[in-house]
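Reader: I would like to know how the labels in this model are earned. Could we go through a few of them together?

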Amino acid sequence: MNLEYAHHSNLSFGETTISDVILLNILKSNNPNIFIRQTKQDEESEFGTDWVWWIGSSKLGWVCFAVQAKKYYTNDNNYKTINHQVLVNNIKTSQSLILEAHASAIGAVPIYALYNYVLDKNFDLGSQNLNYSKGRYGVTVTSLNTIKKAVKTYGGRKFKSLHDDPSTFPLPDLIKLTKIFLNQNNTNGYKYSELLNSNTKIHQKLPENLGLMPKSGFVFMNRDLKFEQPTFAKRALVINIDKD
């Protein structure tokens, strides 16, 4: 989706619409190394994540990412909804906790995908000046820990603040760094990686349901109350890196 054109046309789209347009554009590309699957309409839930991404190959293994999408609000120069909460049995629960639970259930790295159109006056990467063009920052990714820190920090939701962190970078770099990680650690199980500061599990094969619907859900505990809430991912994206 061209967020710049949408902005100058005074059109506003939410994360779900942007994600669906991205999914459609991926389909139209007919790339044989990319496969997508969408959750069936009757299985969708507000209680879950936006994406599950699998990057790897049958030879190297696979890294899974549980992804929560967040839109950058151009006029406000911040990500206003990164601390969004949803109601679970009438109790407010942070989306970040749900993301973390879903990631744990499927052996994934919890990350955020940031959908950006940034005005020139606000396009400041701080110390992370990677000499990329501005257009490369249409979709960036960042770690769950970076989001948690941003929520607690004054000014932490601004573009510069989030992109000054080394764990925030353009989406193409995620594919490149994952490939390097798999080439260096071609074994089953968890390995700590500087990739988004996480313990990263290497899966030897793709699960049948691609992590869209994990067997275990989000376990909510509040004083004497404990219950399990099923979680879903709305879309799965598989990127095979056997071929460039």
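Author: Gladly! Let us start with a cut-off: a residue is called buried when its relative accessible area is under 20%, and exposed when that area is over 50%, with partly exposed in between. Please keep in mind that this is a predicted model.

Reader: Why is Val118 called buried?

Author: Val118 has a relative accessibility of 4%. The limit for buried is under 20%, so Val118 counts as buried. This residue lies in the loop between β6 and β7 (139-143). Not counting residues up to four places away in sequence, Val118 touches Tyr72, Phe123, Lys134 and Phe159. Its C-alpha is 8.7 Å from that of Tyr137, and the two are 19 residues apart in sequence.

Reader: What makes Asn186 partly exposed rather than buried or exposed?

Author: The value for Asn186 is 42% relative accessibility. Partly exposed covers the range between the 20% and 50% cut-offs, so Asn186 counts as partly exposed. Asn186 is found in the loop between α6 and β9 (189-193). Leaving aside neighbours within four places in sequence, Asn186 is in contact with Lys59, Leu60 and Gly61. The C-alpha atoms of Asn186 and Trp62 are separated by 9.5 Å, with their positions 124 residues apart along the chain.

Reader: How do you know that Thr168 counts as buried, and which backbone oxygen lies 2.8 Å from a polar atom of its side chain?

Author: Thr168 has 5% relative accessibility; with buried set at under 20%, Thr168 therefore counts as buried. The oxygen is that of Leu162, and 2.8 Å falls within the 3.5 Å limit for a polar contact. Thr168 sits in the loop between α5 (159-163) and β8 (169-170). Among its contacts beyond four places in sequence are Leu114, Thr140, Val141 and Thr146.

Reader: Why is β13 described as largely enclosed by the rest of the structure?

Author: Eight of the nine residues of β13 are buried, so the description follows. Strand β13 pairs with β1 (residues 34-38) in the antiparallel sense over five bridges, and Ile36 stands opposite Leu237 in β13.

Reader: Which residues touch the most other members of the largest nonpolar core?

Author: They are Trp53, Phe65, Ile111 and Leu174, in a core of 29 residues. Elements that each supply at least two residues of this core include β2 (48-57), α6 (171-184) and β13 (232-240). Another core, of 27 residues, lies apart from it, with Cys64, Ile106, Ile147 and Ala236 among its members.

Definitions and conventions
Residues numbered from 1 in each chain as written. Predicted model: local features only at pLDDT ≥ 70, side-chain atom pairs only at ≥ 80, totals over all residues. Heavy atoms only, no water. Core = buried A, V, L, I, M, F, W, Y, C linked by side-chain atoms within 4.5 Å. Buried < 20%, exposed > 50% of the residue type's maximum accessible area, 1.4 Å probe, protein only. Helix = DSSP H or I, 4+ residues; strand = E, 2+ residues; numbered from the N terminus. Contact = heavy atoms within 4.5 Å. Polar contact = N/O pair within 3.5 Å; in protein donor to acceptor, adjacent residues only side chain to side chain. Pairing = 2+ DSSP bridges.
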